[in-house]
Amino acid sequence: MNNHEPGTPAGVPARLPAADQVPADASAATSVGRLAATVERLRREVRAAQAEAEGRALIEVAKGILVERLSCGPAQAARQLAELAEQAQVTPLEFAVDVINQAARDRVAEVTEAFLSVAADPSGPVEESAAVRLRAAESGVLAAPDTQAMADSLLEHALRPLGAVAVAIWSAGPDGSLTLAGSGGFPPGEAARWRYVPPDVVTVARRGLTEPDGQWLTSLADSGLPTIGRREYGDGARIAVPAGTGGRIHGVLEIAWPKPEAPLPRPVLRQVEALAELCAHTLETLAPPPGTDPEPALLPDVVELMDLADGLHDPALVLVPHLDDDGRLVDFRIEHVNSRFLDPAGRPRAVVGGALLLEAYPMAAGTGELFQRVERVYATGEPFRARRMRLTALVDEVPLSAVADISVSRHGSAVLLIWRIEDETARLASLLQHAQRLGRIGGFEENLLTGEITWNGQLFSLYGHAPTSPPVALQDLPAHAHPDDAVTLRRFLRTVLHQRRPGSAAFRLQRPDGVTRHIRVVAEPVLDTDGQLLGVRGAYQDISAQHWTEVALAVTRDQLAHTEQQALERNRLTLQLQHAIMPPAQAPLRMPGLQVAVRYRPAETEHLVGGDWYDAVVLPSGLVLLCVGDVAGHGIEAATSMVVLRNALRGLAVTGAGPAQLLSWLNIVAHHLTGAVTATAVCGLYDSERRTLRWARAGHLPPVLVREADATALPTVRGLLLGAVPEAGYEETEMQLAEGDTLLMYTDGLIERRDRSVEESLTHLLDTASAAPSTLDQQLDRLLTYSKSDTDDDTCIVGIRVV
């Protein structure tokens, strides 16, 4: 029974339900799904047909090779190809590619052999298809009508098996710009946005053009470089490989992956480089230089460059690429030398012109790397400039001091090499003039036989004379100097003119404009072979700035010595005051049920005497006042402020108020009565009958409790440092102590370090305090000994132990 109407495709019912029996949205969804399935099926058929056509093309090429090798007909070559493929247990296409590789011996064959030789599993699917992928891509590129089809073929045949999702082929312009010649895998709108990249815009493709080995980025997030398709593929991996042939780079092949990737293995990179070279051949074929013939004797741009070189005032060479039989750049031929050219080795122009660059200048490939620079300029079009390059980079016969400024630039298909040889004599003369000007030095020479005197321009300026005025003879020098310097100058003249020995003197020159300058004169006699005096030569130097600097330094040294003396006196008084209030060693305080010990370590550097303080005293109420504090700053101001706060807290404690109220009152004292100093403090009242401690803090580190070889810092309570605001409230807490407990109060000088945080230093203190010695005094001494502080600050410790 036939359920289909004529002309209806199989699998589609001949009769569809009526419109009133099927919902409208379901009917529409069914139609769209069928249409999408049909489009996808047709797309697969088109891709399969394209692959089949490209495979047939490769098989036909292999047949032609067998016809030539076996001297047989096409039919016999086809049968031979099928039989050999069956014997090798490979597909006819894979065997055809193997035949092509053996016959071609080109870059694709080399890459395939290198890839298979290092493959971990030669029988795997990726290795088996490597040669097929490359040859299929080559066939598709050669058959592509334009660069867009070329990019699609590369992506489909060679790059998708590597996990890539998109490809861009860039053409490099002579000005360094990049033009998108073809792309695949990118949306049309994105390709249109990136159609042209101006010169000097740094992108991934630009890096691939300028880097000798290309640019591989495991993730775009690591570089931050803009590039095509970033919004579609995010921070996926990218590779940009220069596409060049014959030593010249024509563009860049850029490949995109959808996610970050590890660097590709070297064999796979060889495949990518082969594809880039294939793109370069296509770019060169599709975009020949305008106005050029297929095989011109001399390109027009070379002729124009020769005319340009002849108009230069510096030596110039016009270089054209010299390729080997395989089309690889091996050297440059010196096509033209201009009329200004002077060979560094002294050879005639006719000998250099027409020769190869490495033959004429073999040292260019040595340490100077000049040849590599020329290669790079020809490949990328980016000019190269070098200042003061030694000419030994060209020939080794020139002096080591011979230097030149080098300029290399590409113009069309040729390279212009210019060097400007520097005149060493003129350079030294220029350096001498600049040295005399900067050093305010003027030279002179006197002929005592003829009376002729020669001055340079700088000496006229030092004297304040016009250049047309007559020079001053050396023996008339005292008449232009300060009268007090007459004795010094006469001694100088006697040394030079009569004793005929070099001499120097410093004097005050009185110029016609009323300005007095401090001058040093140096002179030496000029003698003949018989020792007779012929003349004198020497120099004057303006040392006024040096003189006044020395005067200022002398005054500064006097002021500094006075200041140092004052500082020493202040430090001495500060130390005396501090030691009078808190001696470094103090006998332990003993009372029933409690041991109290204190330690104070002053700063090692006297000028850093600070405001650290402690106190431990029994109040009239029977409670024990325990406190430590630290006044901000150093010197006598900090020490006096410390005395005020310490004595104020003692007086306030007599009122019987708690620690929080005492710190609140002490804050008022610090803010209003001590010049608005700031300080930190911990204050505690210990009740020996109840073994309780009430305590509060003002911006200070909390006390440390050591109980049964376990040291912990007490929980932090709220409290602002003293003196910061006019009025402040403080939080108070109470804790119960047990027999054998040890409580430690200390200042930050015990733990502060420049290279670590306070938390790390506090952890070290807790570890040190955990290993408690037998006595309280030994424990405090141990804390000072093993302290790792390095700020050279005062340190106070108050320790109490319940017994």
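The legends below describe close-up views of a predicted model, beginning with the whole protein and moving on to its cores, its sheets and three buried side chains.

**View 1. Overview of the predicted protein, with 23 helices and 27 strands.** Of the 803 residues in the protein, 42% are buried, and the exposed surface comes to about 41,300 Å², of which carbon and sulfur atoms supply 54%. When contacts between residues at least 6 apart in sequence are considered, 59% of them join residues at least 24 apart.

**View 2. The largest nonpolar core, made of 30 residues.** The members that touch the most other members are Trp613, Val631, Leu645, Leu649, Leu663, Leu722 and Tyr730. At least two residues of this core come from each of β20 (624-634), α20 (636-653), α21 (659-673), β21 (679-687) and β22 (692-698), and α20 gives the most, with 7 residues. Around Val631, and leaving aside residues up to four places away in sequence, the contacts are with Gly611, Trp613, Ala638, Ser641, Met642, Leu645, Thr678 and Ala679. Another core, of 27 residues, lies apart from the largest one and includes Leu317, Ile334, Ile406 and Val408.

**View 3. An open antiparallel sheet of 6 strands, with a helix packed on it.** The strands follow the order β3-β2-β1-β6-β5-β4, and the edges are formed by β3 (196-197) and β4 (215-217), each of which pairs on one side only. Within the sheet, β5 (residues 238-245) and β6 (residues 248-256) are paired in the antiparallel sense over 8 bridges, and Ala240 stands opposite Glu254 in β6. Helix α7 (residues 147-159) packs on this sheet, where it touches β1 (166-172), β2 (178-184) and β6, and its direction makes about 50° with that of β2.

**View 4. An open antiparallel sheet of 5 strands, in the order β13-β12-β16-β15-β14.** Here the edge strands are β13 (453-455) and β14 (503-510), each pairing on one side only, while neighbouring strands of the sheet are turned by 20° against each other on average, with direction ignored. Strand β14 is joined by 8 bridges to β15 (residues 516-527), the two running antiparallel, and Arg508 stands opposite His518 in β15. Helix α18 (residues 486-498) lies across β14, β15 and β16 (533-542), and runs at about 140° to β14.

**View 5. Thr380 in helix α15 (residues 370-380).** Because its relative accessibility is 7%, Thr380 counts as buried, and the other buried residues of α15 are Leu370, Phe371, Val374, Val377, Tyr378 and Ala379. A polar atom of the Thr380 side chain lies 2.9 Å from the backbone oxygen of Arg376, and a polar atom of this side chain also lies 3.3 Å from the backbone nitrogen of Glu382. The helix is followed by Gly381, whose phi is positive, near 85°. Not counting residues up to four places away in sequence, Thr380 touches Leu209, Ile249 and Arg410. Although Thr380 and Gly247 are 133 residues apart along the chain, their C-alpha atoms are separated by 9.5 Å.

**View 6. Thr795 in strand β27 (residues 795-802).** With a relative accessibility of 0%, Thr795 counts as buried, and its side chain reaches the backbone oxygen of Gly749 at 3.2 Å. Apart from residues up to four places away in sequence, Thr795 touches Arg599, Tyr600, Arg601, Asp612, Thr747, Gly749, Leu750 and Leu784; Gly749 is thus among the residues that Thr795 touches as well as the one whose backbone oxygen the side chain of Thr795 reaches.

**View 7. Ser787 in the loop between α23 (776-785) and β27.** Ser787 has a relative accessibility of 18% and therefore counts as buried, since the limit for that class is under 20%. Its side chain reaches the backbone oxygen of Leu750 at 2.5 Å, and once neighbours within four places in sequence are set aside, Ser787 is in contact with Arg601 and Leu750. Arg601 and Leu750 are also among the residues touched by Thr795.

Note on methods:
Residues numbered from 1 in each chain as written. Predicted model: local features only at pLDDT ≥ 70, side-chain atom pairs only at ≥ 80, totals over all residues. Heavy atoms only, no water. Helix = DSSP H or I, 4+ residues; strand = E, 2+ residues; numbered from the N terminus. Buried < 20%, exposed > 50% of the residue type's maximum accessible area, 1.4 Å probe, protein only. Contact = heavy atoms within 4.5 Å. Polar contact = N/O pair within 3.5 Å; in protein donor to acceptor, adjacent residues only side chain to side chain. Areas by Shrake-Rupley, 256 points an atom, 1.4 Å probe, with all protein chains shown as cover. Core = buried A, V, L, I, M, F, W, Y, C linked by side-chain atoms within 4.5 Å. Pairing = 2+ DSSP bridges. Axes fitted to C-alpha atoms, helices over the stretch in contact; angles between N-to-C directions.
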